[in-house]
Amino acid sequence: MASNTEIKLSSNWTNLGLYLGTIVVFIMIPILAKVTQDQDFHMGMIVAAAVFIALIGFIVYQFMYICDARVIGDKLVLKKKFRAAKHYPFDKIGYPKSFHLKRSKYTIVEMQNEDKSQEKYLIMNNRSLLSFESKDAEQTLIDLRNMAMRSK
């Protein structure tokens, strides 16, 4: 790969999706409080509370691990929210795993730091009709990892 080549692996919509999801959660709090206040207790309230708590957990998880991911030259550059970017050679890429939520694909990858510790990153790809993106971070990471292993 040329040293000045840059390929963005994460979605251009990562930040927007994260912050809109956070706003939706904050808007839902008073709405859920009002709805539950005006009704007698029933099982649906427990289900709604569990779903709401899971949503909050997912938003917190995203804030902890979601990152901007780019391949710059012969390094993978990952930058989490509110943290400095880290640069990794391709042979330090762990085996990525992914899951889908609607039209978004979330790729989880663990990277090996210089001190041999592992650090987890979450890369989002959006395939909605209006996103105009066809990125696949998982496959790109696998290809980069395999390329580094073959060259050893």
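**Exercise 1. Determine what share of the protein chain is buried, and how spread out the chain is.**

Solution. Buried residues, meaning those under 20% relative accessible area with a 1.4 Å probe and protein chains only, make up 34% of the 152 residues in the protein chain. The model is a predicted one, in which local features need pLDDT of at least 70 and side-chain atom pairs count only at pLDDT 80 or more, while totals for chains, interfaces and linings use all residues. Residues are numbered from 1 along each chain as its sequence is written, and side-chain values use heavy atoms, with hydrogens and water left out.

Next, take the order of elements, which reads β-α-α-β-β-β-β-β-β-α along the sequence; helices (H or I, at least four residues) and strands (E, at least two) are DSSP runs, numbered from the N terminus. The radius of gyration, taken over C-alpha atoms, is then compared with the globule rule of 2.2 Å times the number of residues to the power 0.38. Its value is 19 Å, well over the 15 Å that the rule gives for 152 residues, so the protein chain is more spread out than a compact globule. Along the principal axes, the C-alpha atoms fill a box of roughly 65 × 35 × 25 Å.

**Exercise 2. Identify the central members of the largest nonpolar core and the elements that supply it.**

Solution. A nonpolar core is a set of buried Ala, Val, Leu, Ile, Met, Phe, Trp, Tyr and Cys residues joined through side-chain atoms within 4.5 Å. In the largest one, which has 17 residues, L76, L78, I93, M111 and I123 touch the most other members. Two or more residues each come from β2 (67–72), β3 (75–80), β6, β7 (118–126) and α3 (137–150), and α3 gives the most, with 4 residues.

As a closer look at one member, I93 has contacts (heavy atoms within 4.5 Å) with L76, V109, E110, M111, L141, L144 and R145, once its neighbours within four places in sequence are left aside. Apart from this core lies another, of 6 residues, among them L18, Y65, I66 and Y106.

**Exercise 3. Describe the surroundings of S104: is this residue buried or exposed?**

Solution. First, locate S104 in strand β6, which spans residues 104–112. Second, read its relative accessible area, which is 13%, so S104 is buried. Third, list what S104 touches when residues up to four places away in sequence are not counted, namely F99, N125 and N126.

Notes. Buried means under 20% relative accessible area, exposed over 50%, partly exposed in between (1.4 Å probe, protein chains only).
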